[in-house]
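Here is a short tour of a protein model, meant to be read with the structure open beside you. We will look at the sheet and then at what is packed inside.

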Amino acid sequence: MKIIAVNKSASFEYFIEEKYQAGIVLQGNEIKSLRDGAVNMNDCFCSVNGNTVCVKNMHIAFYEKSDGFHNRDTRKDRRLLLHKSEIAKIAGKINRQGYTLVPLKLYFKDSLVKVEIALCRGKHTYDKKQAIAERDIKRATERDIKSAGI
């Protein structure tokens with residue numbers, strides 16, 4: 001499994017509850033861009049419309065060596081491939097319980113591109129401040145241990 005991109009802000013902004021693995025519908029030139037690592041997952045999110053799940057606002061750069069006749073829209077909606085039962089379960093939780101569906105990472109599994117999506121709950125500002133404080137304490141202790149030579 002080769003990781004292409006990770007949505008780092010997702011773990012800071014949300015409490016991650018459940019994770020799912022989904023396929024993604026891409027064109028050939030988009031696959032080549034992914035192999036080059038030309039993708040940005042910041043500010044992307046998922047939406048459920050009926051029986052389909054789409055990733056919105058994910059930027060995959062245009063592959064320059066491909067022909068110019070393909071669509072040059074780098075932030076178009078990309079459809080995710082999930083089972084109907086998974087889509088129904090996700091849609092129910094999003095509608096009733098206030099969850100958000102967020103893509104966490106994009107990776108190659110064998111020769112296929114997969115997206116790890118997660119049902120998440122939003123964090124409040126005090127939760128984010130607490131996470132920052134814990135991270136600073138951890139860094140300080142590691143720095144002290146390293147300087148002490150232990």
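## The sheet

In this predicted model, 7 strands come together as an open sheet, and their order is 1-8-9-2-7-5-4 with antiparallel pairing. If you look for the edges, you will find strand 1 and strand 4 (45-49), each of which pairs on one side only. On average, neighbouring strands of the sheet are turned by 40° against each other, direction ignored.

Strand 8 and strand 9 are worth a look: they run antiparallel and are joined by 9 bridges. One pair to pick out is Leu-101 with its bridge partner in strand 9, Leu-119. Helix 2 (residues 28-36) packs on the sheet, where it touches strand 1, strand 7 (78-81), strand 8 and strand 9. The direction of helix 2 makes about 80° with that of strand 8.

## The nonpolar cores

In soluble globular proteins, nonpolar side chains tend to be buried together. Here the largest nonpolar core has 27 residues, and Leu-34, Val-39, Met-58, Leu-80, Leu-106 and Ile-117 have the most contacts inside it. Elements giving two or more residues to this core include strand 2 (14-24), helix 3 (84-97) and strand 8 (100-109). Which strand gives the most to this core? That is strand 9, with 4 residues.

Try selecting Ile-117 in your viewer. Beyond its neighbours within four places in sequence, Ile-117 is in contact with residues including Tyr-20, Cys-46, Leu-80, Ile-90 and Leu-104. There is also a second, separate core of 5 residues, with Val-102, Leu-104, Ala-118 and Cys-120 among them.

Methods. Residues numbered from 1 in each chain as written. Predicted model: local features only at pLDDT ≥ 70, side-chain atom pairs only at ≥ 80, totals over all residues. Heavy atoms only, no water. Core = buried A, V, L, I, M, F, W, Y, C linked by side-chain atoms within 4.5 Å. Buried < 20%, exposed > 50% of the residue type's maximum accessible area, 1.4 Å probe, protein only. Contact = heavy atoms within 4.5 Å. Pairing = 2+ DSSP bridges. Axes fitted to C-alpha atoms, helices over the stretch in contact; angles between N-to-C directions.
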